[in-house]
Amino acid sequence: MRDNILKALAKMHALHPWKMVIAVLIITIIMGAFATQLEQSMRWTDLLPTKSEKTIQYNKVINEFVSATNIIIVVEGEEEAIKAYTEAIVPQIKLATDPKDGKLYVKRIDYKQDIDFIRKHGLMLIKADDLQNMKELYQNPNLVPLLTNLNNSFEKEYVGREESISTREKEDSILIILDGVAHLISTMQDYSSGKTHSPEEAQKAVDKLILGEPYLLSYDKQAVIINVIPNFSMTDMSKMVSGTDAVQEIVDRMKKDFPEVKAGLTGMIPLGRDEMVYGEQSMGYTSIIAFIAILILLILSFRMWVAPLYAILNLVVGLIWAIGLTAILVKSLNIMTSMVTVILIGLGIDFSIHIISLFTESRSMGKPIDQSIEDTFLKSGKGILTGGLTTCAAFFALIISSSRGMKEVGIVSSVGLLAILIVTFLFLPSLLVLRERRLEKKLKEKRIKSKPVYQDISLKRFGRGCSWLSVRYRATIICAVLFTLFLLISASRISFDHNYMNMEPKGLTSVTLQDTILDKFDLSMDYALIVTDNVEKSREMAKKLKNVKSAAMIDEISMYLPSWEEQQKRTPHIQEINRYLSNTVIESNILDSELNQVISELDRLEMNIMEIQDMAYMGGQDKVDRKCSEIVGYPDNPQSLNIISQFIVFLENNRQSGLKGLKEFQKYAAPYFKESVLKMASTENIVLEDLPDSILDRYANRDRTQFLLTVFPAENMWTNLNFLQRFTSDLDRISNKATGMPPVMQELFRVVGNDGKNAAFLTIFVVFLLLWLDFRSFKYAIIAMLPLLAGVIWMVGLMYLVGMQLTVVNVMALPMILGIGIDDGVHIVHRWRIEGSKKIRQIFASTGKAIFLTSITTMLAFGSLVFSIWRGFSSLGGAMFIGVGACFLSTVIILSGIIGFLERKK
Amino acid sequence: MESKNRFITVIIIFTSLFLIVFYASLFIFGQELTAEEIISKMNKLMNQDTVEAKVKMTIITTSGEERVFIYDSYSKNRGEKNLLRYIEPKRAQGQAILMLNYADDIWMYFPRTKRIRKLATNSKNEKMEGSDFSYEDTGASDAFIENFSSKKLGSEIKEGRDCYKIEMLKKEGIESGYSHLIMWIIKDNFYPVAINYYDAESPELLLKTLIQYDIKNIDDIPTATKMVMYNQLENSKTSIEMLEVKYNVELDDSLFTERNLQRK
């Protein structure tokens, strides 16, 4: 029946080529219209099962929480310059507007702490234990008692709690205090030396001491973060691109006025934009590279250019059908399906090669056009159908995957390939017929009587080589087995790269700045997110998470909204501070004798900081050690600047001016200190409604009915798989709703790993079943399968030998190669059955040439992915390139040996 | 007469056989120690009356750099009193730490400021000087006997040695950083060649692994000259090498005083 259908189709092409061409073009226009609706989304979460809790929660976070998807501007340079640049660009960015609808892109920009809230409730935000230790500090703003109390609290602090500098948060809090102290000393020196007389400087020093640094500054003060909260989310793709571009334009433009500053964009939105834009671009140019490479190869192989052009045209039409069907079936391309175009180019061209190869061979033997078309359909049509349908079925097997990424690859690639297969049977033969008729007409018009000589374009030497292998079948089979064993051992050693950042485009600012943030702020952008239903649950969750050793820091609402019980515990301490401070009289003078006390307390302060520095050194706490060094110098370098010692020497040598300066400092600082602390000493209960939007948006959704916790990991998890597993299992133990990149990627590894295995087994089964049905013989099905199985082993073994690792993207190559690599064996075995015994040379010269060409074109198509800026695509391209080559070689060598063995047996 | 002699000979043979079997059984079954006995022997070994040592400790700082310290260590009353005096690097030279009452009280001397400060009293579970060891890990005093119950899990080859495998479970009401420990104790000499430490909050979570290498007999006491604590969670490790060790030396009580901290 199959032969009858193929004959009928051949007849259609011979009799009505124009009708076939027009019909195909009409359908192509319709499909093209659908194709224009296709979107692209490069989010890793889109690869997970749709019902995955991680995905559901992740999408919830993106949709509900305004600040969860943001644009982060990282500005680097000297402290004053980066602050000035920040103040300059913030107003500009606030006004950025979408030209399409005139709406502002930006909702809010956070680049400083919300000082107003802290000024009112600052003391209520300090833990009761810390208040107990530090309350002395707030009790007297006059200079001498202030310094004395500061020293007392230092000594009490690290005597009372040695763990003060042993955890991340405690380390950060001591760094804030040390920073305040450094600023205080410098400011006092400026007043003493007459460098400044401005009240603002004294007030700034007080603010630094009691409120900390207002800007979101890095530890080394060489970088600042500007957090831009947009009016759109990541789901609005066109705004994501235009909005990010608008902010980028402002950042770049303003840099011209600040040449000493570096600035760039990162965060979920710029990363999403880059992933999408570069994903589209790389698909574009890699497809073009693939087309050009294939066209050149075909021209060289067939020694003509029209037929190869027709093959490309046929492929383009097929791709339009494929993309149109993709738009109908899945609506949007994800990270994995974005690569399918190149896969379809590499595979789809194969059908055309077989058709052209057989057709031109027939014509070269002098057969008429309609006979040549019939021969083509009968001799290679079956092979093309079996090979094509087998590959489609193999890809379709991927729909059993639980991951959406692989499932959609299965749908898109199988349907796409089927579309190209159909187009090839309906379109290309008519083009060839029309071309041949035109040529014949031209020859007739020129009255050329002699038939044109068509060159024999089979690969004779290739055929001879395979014949040689088949004659020495024992050695061929033994060498093949030994080689397979060797590569099997190599394959068993291949490792898996869990670092998803290695899949992202290399060198992109949005990617490299994530490392900058990790380096400068000691904060990983790969945090986990947990949503709760209310503030109390958020607090309970945070309490549990604080015991989790794999978490470095938890950012949640109780930092600004302590529980009622906590606030009650803190209230007596605040009241005591209030009482004491209210009754404190601001001294108008500093006596000469008090100057000695100032010097003595500075001396004591120096010793306290030196001891903190030594403890930090012994404990390996480098950040604290470095911060102390900025104040008291490096112990290993006696020449290093010690600002306290320097100030003491100045005061001792310039008592009069020093005293005068300190009096002035006290005149401005002390009343401001008292006023500020009294304001901060509100014992009013903080409730949710008191929190300003700039704080609430970080932790609550728009309706304030859901609350977000951010969990920062203690380590870089992408270089330490154990840590990733620990972190995610710790989170799962506390909440099954934890999401964010770490849980998402961990789930993805698990799902893709399982899917890959299941899909591979199912593919092998499906392929074998189809071969069995096609050949109607178990023996021939096995013969066709053996080179495929060997080819997959060779592929993985060779990947290991060239230093490649398996990744969450290229692991897809394994089931795909099972569907692709079978083609070679199928064509050879089919041809062998048709031609009969002792025809190895001819089989491999003819069909061998076709499978050589199809393999090379497929390799070229996948090889073009190596040029992709997306390293994930590049790794897949490399794996498939090796895989297709391996399957071709294994087919040629192993089948030569097996055929030789079987024919000798006969 | 002849039959009588034969009878006596048979009795003697049977009696001898019986006695051989009896004492052999006694010998074989008598060797099966309980978990408590094993831990007791181990504890006695680990807590010598006095120890004087020169130690090299390598830690990883928060920046990921390796930092090496060398210090003199003195211990008395089976770990109740401890003094560490740093020799290298130059920056740490002269710093000293005094621990009394099994590290319940800790003082530190800072040579730069020439001051002695008393540190927190709740540091037992915290990291010791940036290392992956906590004060609790060393099992000073009879911590392993008093704070944990023990259970024998059988035998296992660990680090090439035939070992008893013992599980130590934290007793109720005891404060510890660990829910349980698994120890591998060498059968020959009752020295612990490896210890796994599990989290107090999540008992299935392996926090740290201690491996003791190069076990030599020093003053007839098995001593690991190299110990490595692997922090499984943070993928870090701290190694301690015993450059010199002496046991049961004369150590005066005055060595373990605040005053002595300041002496060089």
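The following paragraphs describe a predicted model, taking up in turn a sheet of chain A, a helix that packs on it, a nonpolar surface patch, the salt bridges, and the general make-up of chain B.

In chain A, four strands form an open sheet in the order β8-β9-β7-β10, and the pairing within this sheet is antiparallel. Strands β8 (551–555) and β10 stand at the edges, where each has a single partner strand, so that one side of each is left without a neighbour in the sheet. Helix α27, spanning residues 721–734 of chain A, packs on this sheet and touches β7, β8 and β9, its direction making about 155° with that of β9(A).

Strand β7 of chain A, which covers residues 528–532, pairs with two strands of the sheet. With β9(A), residues 707–713, β7(A) is paired in the antiparallel sense over five bridges, whereas two bridges join β7(A) to β10(A), residues 739–740, again in an antiparallel arrangement. Residue A:L529 illustrates both pairings, since its bridge partner in β9(A) is A:T710, while its bridge partner in β10(A) is A:T739. Five of the five residues of β7(A) are buried, and the strand is therefore largely enclosed by the rest of the structure. This burial extends to both faces of β7(A), with A:A528, A:I530 and A:T532 buried on one side and A:L529 and A:V531 buried on the other.

Helix α27(A) also carries a salt bridge, formed between A:D730 and A:R733, in which the closest N and O atoms are 2.6 Å apart. The two residues are three positions apart in the helix and are thus separated by about one helical turn. The partners differ in their exposure, because A:D730 has a relative accessible area of 2%, which places it among buried residues, whereas A:R733, at 39% relative accessibility, counts as partly exposed.

A further salt bridge within a helix of chain A links A:E835 and A:R831, with the closest N and O atoms 2.9 Å apart. Both residues belong to helix α30, residues 813–835, and lie four residues apart, about one turn of the helix. Here A:E835 is partly exposed, with a relative accessible area of 24%, and A:R831 counts as buried at 9% relative accessibility.

In chain B, a salt bridge is formed by B:K118 and B:D105, with a distance of 3.1 Å between the closest N and O atoms. Since B:K118 lies in strand β6 (residues 115–118) and B:D105 in strand β5 (residues 105–110) of chain B, the pair ties together parts that are 13 residues apart in sequence. B:K118 is partly exposed, its relative accessible area being 29%, while B:D105 counts as buried at 19% relative accessibility, a value that falls under the 20% cut-off for burial. Salt bridges in chain A also form a network, in which A:K107, A:R108, A:D110, A:D693, A:D697 and A:R704 are linked. Over all chains, the count of salt bridges comes to 55.

On the surface of chain A, a nonpolar patch is formed by A:W18, A:I22, A:I26, A:I30, A:F34, A:I328 and A:L329, which together have about 700 Å² of accessible area. Helices α2 (17–35) and α12 (306–329) of chain A each supply at least two residues of this patch, and the largest share, five residues, comes from α2(A). Residue A:W18 is located in helix α2(A) and, at 57% relative accessibility, counts as exposed.

By contrast with the surface position of A:W18, which counts as exposed, A:Q189 counts as buried at 15% relative accessibility. This glutamine is found in helix α8 of chain A, residues 168–192. Leaving aside residues up to four places away in sequence, A:Q189 touches A:I643, A:Q646, A:F647 and A:F650.

As for chain B as a whole, its secondary structure comprises four helices and 13 strands. Of its 264 residues, 49% count as buried, and the accessible surface of chain B comes to about 13600 Å², of which 51% belongs to carbon and sulfur atoms. Among the contacts of chain B with a separation of 6 or more, 43% are accounted for by residues 24 or more positions apart.

How values were computed
Residues are numbered from 1 along each chain as its sequence is written. Chains are lettered from A and ligands numbered from 1 in the order in which they are written. This is a predicted model: local features need pLDDT of at least 70, side-chain atom pairs count only at pLDDT 80 or more; totals for chains, interfaces and linings use all residues. Side-chain values use heavy atoms; hydrogens and water are left out. Buried means under 20% relative accessible area, exposed over 50%, partly exposed in between (1.4 Å probe, protein chains only). Contact means heavy atoms within 4.5 Å. Accessible areas come from the Shrake-Rupley method with a 1.4 Å probe; for residues, only the protein chains shown count as cover. Two strands pair if DSSP finds at least two bridges between them. Patches are made of residues with over 30% relative accessible area and no salt bridge: like charges are joined within 9 Å, nonpolar side chains (Val, Leu, Ile, Met, Phe, Trp, Tyr) within 5 Å. A salt bridge is a side-chain nitrogen of Lys or Arg within 4 Å of a carboxyl oxygen of Asp or Glu. Axes are lines fitted to C-alpha atoms, for helices over the stretch in contact, and angles run from 0 to 180 degrees between N-to-C directions.
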